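Here is a short set of questions and answers for a first look at a protein model. Keep the sequence and the structure open as you read.

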Amino acid sequence: MAKKTNNTRKNNREESTLTLIKNFLTNERTRFISGLILSILTVYTALALISFFFTGAADQSKIENLPLSSLAVYKGSVNNWTGVRGAYLANLLMNHWFGISSFMLLYFFGSAGARLMNFKRISIIKRLLFSASLLIWGSLFFAFVFIKGYEDSFIYLGGQHGYYLSGLIVNNIGIPGMLLFLAGTGLIIAILSSRQTIPFLRRAFTLGWMKNLLENRRRRAEAPGEKATLPEDTKEKVMKVTDETDDDGKNDGDDEDDGDDEAFVVTLAPDEEEYNSDVTPVKPIENPLPEEKRNAVFGPVEVPVGDDEVYDASGLEDYDPKLDLSSFRQPTVELLKKYNTSDHQVDMEEQTANQKRIKQTLENFGISIASIKATVGPTITLYEVVPDAGVRIAKIRNLEDDIALSLAALGIRIIAPMPGKGTIGIEVPNKDPQIVSMQSVIASRKFQECKYELPVTLGKTITNEIFMFDLCKMPHLLVAGATGQGKSVGLNAIITSLLYKKHPSELKFVLIDPKMVEFSIYGEIERHYLAKLPDADKPIITDFTKVIQTLNSLCKEMDDRYILLEKAHTRNITEYNAKFISRCLNPNKGHKFMPYIVVIIDEYGDLIMTAGKEIELPIARIAQKARAIGIHMIIATQRPSTNIITGTIKANFPARVAFRVQSMIDSRTILDSPGANQLIGRGDLLFSQGNETTRVQCAFVDTPEVEKISEFIGNQAGYPTAFELPEYYGEGDSSAPGAVDLSDKDPLFDEAARLIVMQQQGSTSSIQRKFSIGYNRAGRLMDQLEAAGVVGPSEGSKARQVLLQDEYSLEQLLNNLR
């Protein structure tokens, strides 16, 4: 009896405990606090994930493969907004778990928190199933779609889960099967998630089918000599669909006439009235006269041209743009220096030792590899590693510094994975680098036989292949790199490539050189290849005031060319020149042969710091529109910062050349990816176009070689003058008629005059800075001050001479002007 009583008391205590727990959990305060804590954790995780997109690259090396217990070591040293634990959590969710679809976890937990706090009444089970299905489907989708192009990125948009499963599915059912799988599962999720999905699909299919049907019938009815209508069986199907469809597009399943059926029948009525008409084809009339008699009766053949004129082309041969300089000879290969590199032997001992060190380093960190092979380039050797199954690529990428330490190399670059291959590339500098001469690439068969419009050869790839591209296809090029890393040599290689391939009638250069020393060696080819303003003294543009005028003049040239293309009914310079050569365009109406114009700007950053938007805006205009009319730009800078290479410039310069830079940030500014900070210098570069990045050793062309080429061209007969660009008068250009009018002085005229007299130094830039005005207005002020006798004439890049020595003389002058 006592035992039974004890059991009863024990059961009662357990029941009371369960009741207390149940009451505690169902208590409104408890639920609200639990929901609040869950919401706070959700917001914290969301901030960590959002911050990961901006700081993940910098934090990954600190938190990757780090035990949870060791996180305190990096306390305060990570960049993530939520600290080291937030950085660890974001990296775990993004890269190791589900990628960007991890936000569905936040969606579920946020919904659960709102449900606990009674902010929103939802079904937790349905929300869980919806979130879980989209979590998995999204991981597969992003991994499959972005499986290429993120080899050098710190983020896996599909997470390791998505990349593993998508690879498994693709290997079993192929890419088409994967597309069908994603589409099918996506539709299933949409159907299970909303009752409106199936009616929506039905409406979309039905309305789309009817629209296409009606459009086809109408098009046939409007065609000359043809009449058609709907076949009887098709018309019955359309009428049946119409009877079941309301004017809002919904299939209501009733037979009531809602009013929209009549409109549909009226639309079909004209087609039905014209049905079953016989169509008799029209036989073309043959010419009854032979060509000789036809010419005698109707006169010589006249070619119609694009701008509503008739140009008599009878008896004329095709126009030859090279005729004026028919004796011109391209530079010879003998002008370039030949380096003795043909007997260069591959150091097999170095290769074998590097392979062993790479393998040993990876094994020390628990990474086993199946095979490793080497491809030797002129300055870089590529080691392709095939890891064993189950090895994560991120682990190998994070060992970059350890591999460089074991190889005692200047710097290595890991490509994981290699595009189009199932390997991981490790690029290691050679101890005995080989010089890639300009002579070897110019004399190559690939360059000599290429059919590009504007062929440019930069050098050789890491597999010793000649690297070339067509500048017309780029169509503009951005070149950046730190000082002394080969940027100027690269520009000379581009110019040399074009000089060896194009006739002076086919190509003109506009060379802008704020440093005044880089392009001066090309002054001798002024009457052959250079273009400039009509009143320019020097063929190479060095003064930034002339730079602005030249760029705006190029914009005017661009607009003029587009007008000619419109008159000729052509779409690009190739079609236009073909018409002009075949005598289809009348020169008396302004038509002319158009040479390509390549604009090369060195030290672009210096120009931007001096003139800002007045430089960037015309460049952006040319980059956006000038491709079709044969104007192409190459801009180079040694300051790859975001205030120099702005979003506008990057958007219009898809082709990029990056020499070695100092930081990963600079590399991302140029290429939108790391890598340029790991180059070894001395002409080592990365060429990027779209998602493809190629490592190239730039061909070396020395200054004496360029001088020989310029002298060879300059000694030949040339045109009377350089190619003249259209005249351009800016707002502050004193050469423009009526540009200076002292009766309409600038409101800042007196203050600017006092500033210059006090400082005894006259410069437009000082007026800009002092009064925070644009360059055009500052230039106009300086022109007025010159006309008033305050300062002397312009002396190029030097400051103007101040003609008044004291403020008393200035005040007398100002009183006289009033």
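A student and a tutor now work through the model.

Student: What kind of model is this, and how are residues numbered?
Tutor: Local features need pLDDT of at least 70, and side-chain atom pairs count only at pLDDT 80 or more, while totals for chains, interfaces and linings use all residues, as this is a predicted model. Side-chain values use heavy atoms, leaving out hydrogens and water, and residues are numbered from 1 along each chain as its sequence is written.

Student: How many helices and strands does the protein chain have?
Tutor: Helices (H or I, at least four residues) and strands (E, at least two) are DSSP runs, numbered from the N terminus. By that rule, the protein chain has 28 helices and 17 strands.

Student: What percentage of the residues is buried?
Tutor: Buried means under 20% relative accessible area, exposed means over 50%, and partly exposed lies in between (1.4 Å probe, protein chains only). The protein chain has 818 residues, and the buried share is 44%.

Student: Which helix gives the largest share of the largest nonpolar core?
Tutor: A nonpolar core is a set of buried Ala, Val, Leu, Ile, Met, Phe, Trp, Tyr and Cys residues joined through side-chain atoms within 4.5 Å. The largest one holds 110 residues, and Phe-509, Ile-601, Ile-615 and Phe-687 touch the most other members. The largest share, 9 residues, comes from residues 544-568, helix α18.

Student: What span should α18 have, and what is found?
Tutor: The expected span is 1.5 Å times one less than the number of residues. α18 has 25 residues, so 36 Å is expected. Its end C-alpha atoms agree with that, lying apart by 36 Å.

Student: Which residue follows α18, with a positive phi?
Tutor: The phi there is near 55°. The residue is His-569.

Student: Why are the buried residues of α23 on the same side?
Tutor: Helix α23 covers residues 664-671, and its buried residues are Asp-666, Ser-667, Thr-669, Ile-670 and Leu-671. The arc is that of the directions from the helix axis to the C-beta atoms. These residues lie on the same side of α23 because they cover an arc of only 165°.

Student: What covers the buried residues of α23?
Tutor: Contact means heavy atoms within 4.5 Å. The cover includes β9 (477-480), α22 (647-652), β14 (655-658) and β15 (684-689).

Student: How many aromatic pairs does a search of the whole structure find?
Tutor: Rings of Phe, Tyr and Trp (its six-membered ring) pair if their centres lie within 6.5 Å. Planes under 30 degrees apart count as stacked, over 60 as edge-to-face and the rest as tilted. The search finds 14.

Student: How many residues apart are Tyr-319 and Phe-593?
Tutor: Their rings form a tilted pair, 6.4 Å centre to centre, with 40° between the planes. Tyr-319 sits in the loop between β2 and α11, and Phe-593 in the loop between α19 and β12. This pair links distant parts of the chain, and the residues are apart by 274.

Student: Is Tyr-319 buried or partly exposed?
Tutor: Its relative accessibility is 27%. Therefore Tyr-319 counts as partly exposed.

Student: Which ring lies under the charged end of Lys-501?
Tutor: A charge sits over a ring if NZ of Lys or CZ of Arg is within 6 Å of the ring centre and within 35 degrees of the ring normal. The charged end of Lys-501 is 5.6 Å from the ring centre of Phe-447.
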